[in-house]
Amino acid sequence: MADEENQVPAESAVAAEAGLAAPKRVSRAKRAIAETSRAGSSKQTKPKTRGLNDQEKLKKIGQIEAQVAGGATLKDAVKGAGISDQTYYQWKKATAQPVTKALAVSVSVDDEFAEFIQLEEENRRLRKLLSEKLRAENADLRKRLGMN
C-alpha cells in the first residue's frame with residue numbers, strides 16, 4: 001500500500017528526471033472554456049462547416065441517380081457515393097426544386113375534383129345496377145315462394 005501512494009505518474013516522473021516541472025493536467029471543460037474566452041477576445045472566427053455544400057450534394061445525387069438509371073440498385077449506388085441511405089433521402093428532399101405551390105395546388109385540386117366527379121358517377125351507375133339486380137332476384141324469389 002505504501003508503494004502505491006508513493007508512485008508518481010509516468011509523465012511527472014519523466015519531467016522530474018529532466019529537471020522540468022510536472023505538466024499540469026487540465027480538464028477538457030476547462031480547456032474549452034479557456035479556448036472560447038480566447039476566441040471571444042480575438043476577432044471573430046469563421047464557424048466550421050460540416051459536410052458538403054449544395055453543389056456537391058447535387059453532384060452526388062446526380063451520380064447516384066445516373067447509376068440507378070444504369071441498372072444499379074439504389075443501395076449500391078448510395079454506398080458507392082460514400083453516404084448513407086438516410087443522408088441521400090435528406091439531401092434529395094433538401095435540394096428538391098420547389099414547385100410553385102399555387103400552380104401545383106390548383107392543378108391538383110382540379111384533377112382531384114374531376115376524379116371525384118368521375119368516381120361519383122361510377123358509384124351512381126353501380127348502385128343502379130345493384131338495385132336492378134336485387135329487384136330481379138327479389139321478384140324471382142317471390143315467384144318461387146308463390147307470394148306474387
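Select Lys92 first: in this predicted model the residue is partly exposed, with a relative accessible area of 36%. Add Glu65 to the selection, which at 35% relative accessibility also counts as partly exposed. Lys92 and Glu65 form a salt bridge in which the closest N and O atoms are 3.2 Å apart. If you colour by position along the chain, you will see that the pair links distant parts of it, since Lys92 belongs to helix 6 and Glu65 to helix 4, 27 residues apart. Side chains of opposite charge can pair when their charged atoms come close.

Stay with helix 6 and select residues 85-95, then show the side chains of Tyr88, Trp91 and Thr95, which are buried. Why do they lie on the same side of helix 6? The reason is that they cover an arc of only 70° around the axis. Turn the view to the other side of helix 6, where Gln86, Lys93 and Ala94 are exposed. To see what the buried residues of helix 6 pack against, add helix 4 (54-69) and helix 5 (74-81).

Next, select Lys57, which is found in helix 4. Is Lys57 buried or exposed? Lys57 is buried, yet it has no salt bridge, and the nearest side chain of opposite charge, that of Asp54, is 4.4 Å away. A salt bridge requires a side-chain nitrogen of Lys or Arg within 4 Å of a carboxyl oxygen of Asp or Glu, so at 4.4 Å Asp54 does not provide one for Lys57. Leaving aside residues up to four places away in sequence, Lys57 touches Leu52 and Trp91; Trp91 is one of the buried residues of helix 6 that you have already displayed.

Now bring helix 5 and helix 6 into view together, and draw their axes if your viewer allows it. The two axes come within 9 Å and cross at roughly 90°, which makes helix 5 roughly perpendicular to helix 6. To inspect where the two helices meet, select Leu74, Lys75 and Val78 in helix 5 together with Asp85, Tyr88 and Tyr89 in helix 6. Within that selection, the side chains of Lys75 and Asp85 meet in a salt bridge, at 3.7 Å from N to O. Because Lys75 lies in helix 5 and Asp85 in helix 6, the pair ties together parts that are 10 residues apart in sequence. Lys75 is exposed, with a relative accessible area of 57%, whereas Asp85, at 30%, counts as partly exposed.

Move on to helix 7 (residues 101-145), and select Arg144 and Asp140, which are four residues apart and therefore separated by about one helical turn. Their side chains meet in a salt bridge, at 2.9 Å from N to O. Arg144 is exposed, with a relative accessible area of 63%, while Asp140 is partly exposed at 37%. How many salt bridges does the structure hold? It holds three.

Finally, zoom out and show the whole chain as a cartoon. The secondary structure comes to seven helices and zero strands, and read along the sequence the pattern is α-α-α-α-α-α-α. Colouring by accessibility at this point puts the buried positions in context, since of the 148 residues of the protein chain 8% count as buried. Among the contacts with a separation of 6 or more, 28% are accounted for by residues 24 or more positions apart.

Technical notes:
Residues numbered from 1 in each chain as written. Predicted model: local features only at pLDDT ≥ 70, side-chain atom pairs only at ≥ 80, totals over all residues. Heavy atoms only, no water. Buried < 20%, exposed > 50% of the residue type's maximum accessible area, 1.4 Å probe, protein only. Arc of directions from axis to C-beta. Contact = heavy atoms within 4.5 Å. Lys, Arg positive; Asp, Glu negative; His and termini not counted. Axes fitted to C-alpha atoms, helices over the stretch in contact; angles between N-to-C directions. Parallel < 35°, antiparallel > 145°, perpendicular 65-115°, else oblique.
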